[in-house]
Amino acid sequence: MATNATLRPGAIALVTGASSGIGKAITEGLLDRQVRVICAARRRKALEEVFGDRGEQVLLHSLDVTDADAVTALGTALPEPWRDIDILVANAGSDVGGRKRFDEGSIEHWVQTIETNVTGVFRVCHAIIPGMIARRRGHVVTLGSTAGLDTYPGGAAYATSKHAIHGFSDLLRHDYKREPLRITEIMPGMVRTGFATARHQGDEAKGQQFYDDWPATMQPEDIAAAALFALEQPDHVNVAAILVTPTGDK
């Protein structure tokens, strides 16, 4: 009989960037499946507003994935009952200052995006994967993008970062091919989240207009459904990657 050692009632998941968008939707899907979730994000207040009423099924954890010390300390900073993480969803991301020609953008913004989207994922995976290997079970879900397969004008840092995540996800499957670890990359196309507003330093009107100008978009729940599909497969099945685009998009 096929089994799933990771997605089960009482399992523990860590979701970065859990306070909004895709991370929030994936977290809600995990909670619906009776998984206990460490909801991690930079803004604790945002976490409290979204998941503060979920009781003992959630652990709210303030975490900036670019803070090397904070990520390294995850193993001891988490309460002991929450340390045996079965599922890692490396979702936290940034595109602050993006959609500008390379020389017209801020180098500080470009570097911030790389540190969040690439170095942050490296750090979190490096902190969590050893425990998965020791326990002989684990599923890592990385959030890539269609930008990791094709570039576009103004995507200097973001597209570069998602190309890196695409390669990193493949590399993890090679590194752990003889371990009982599953590695899945989810590559969404255009999704309506708070990402565009954050890119414009909180200007909601500009963020909304960005999505309205696209012929077709998706919702965070669409991407969460793809991630949960991969997580729900039996232990002997690894969904390596899922590319999700809006109907009508290329």
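A search of the whole structure, which is a predicted model, finds 4 aromatic pairs. Two of these pairs involve F210, and their geometry is set out below. A pair of aromatic rings is described by the distance of the centres and the angle of the planes.

| Pair | Centre to centre | Angle between planes | Class |
|---|---|---|---|
| F210 and Y211 | 5.4 Å | 70° | edge-to-face |
| F210 and W214 | 6.2 Å | 65° | edge-to-face |

The F210 and W214 rings count as a pair because their centres, 6.2 Å apart, lie within the 6.5 Å limit. Their planes stand at 65°, and an angle over 60 degrees is classed as edge-to-face. Together, F210, Y211 and W214 form one aromatic cluster.

The members of this cluster can also be described by their accessibility. Both F210 and Y211 are buried. For F210, the relative accessibility is 15%, and the residue counts as buried because this value is under 20%. W214 has a relative accessibility of 31% and therefore counts as partly exposed, since the value falls between the 20% and 50% limits.

Another aromatic ring takes part in an arrangement with a charged group. The charged end of R36 sits over the ring of W82, at 5.3 Å from the ring centre.

The surroundings of N91 form a further topic. N91 is placed in the loop between strand 4 (87-90) and helix 5 (107-135). With a relative accessibility of 12%, N91 counts as buried. A polar atom of the N91 side chain lies 3.1 Å from the backbone oxygen of G17. When residues up to four places away in sequence are not counted, N91 touches T16, G17, I22, G23 and L143. G17 thus appears both in the list of residues that N91 touches and as the residue whose backbone oxygen lies 3.1 Å from the N91 side chain.

N91 also belongs to the lining of a cavity. The structure holds 1 cavity of 30 Å³ or more, and the largest cavity has a volume of about 30 Å³. Its lining consists of T16, V65, A90, N91, A92, T116, G120, V121 and V124. Helix 5 gives the most to this lining, with 4 residues. T16 is likewise one of the lining residues, and T16 is also touched by N91.

Technical notes
Residues are numbered from 1 along each chain as its sequence is written. This is a predicted model: local features need pLDDT of at least 70, side-chain atom pairs count only at pLDDT 80 or more; totals for chains, interfaces and linings use all residues. Side-chain values use heavy atoms; hydrogens and water are left out. Rings of Phe, Tyr and Trp (its six-membered ring) pair if their centres lie within 6.5 Å; planes under 30 degrees apart count as stacked, over 60 as edge-to-face and the rest as tilted. Buried means under 20% relative accessible area, exposed over 50%, partly exposed in between (1.4 Å probe, protein chains only). A charge sits over a ring if NZ of Lys or CZ of Arg is within 6 Å of the ring centre and within 35 degrees of the ring normal. Helices (H or I, at least four residues) and strands (E, at least two) are DSSP runs, numbered from the N terminus. A polar contact is a pair of N or O atoms within 3.5 Å; within protein, one must be able to donate a hydrogen and the other to accept it, and residues adjacent in sequence count only if both atoms are side-chain atoms. Contact means heavy atoms within 4.5 Å. On a 1 Å grid over the protein atoms alone, a cavity is a set of points where a 1.4 Å probe fits but cannot get out, and a pocket is an open set with protein on both sides within 12 Å along at least five of seven lines; lining residues have an atom within 4 Å of a point. Grid points are joined across faces, edges and corners, and a volume is the space filled by probe spheres set on the points.
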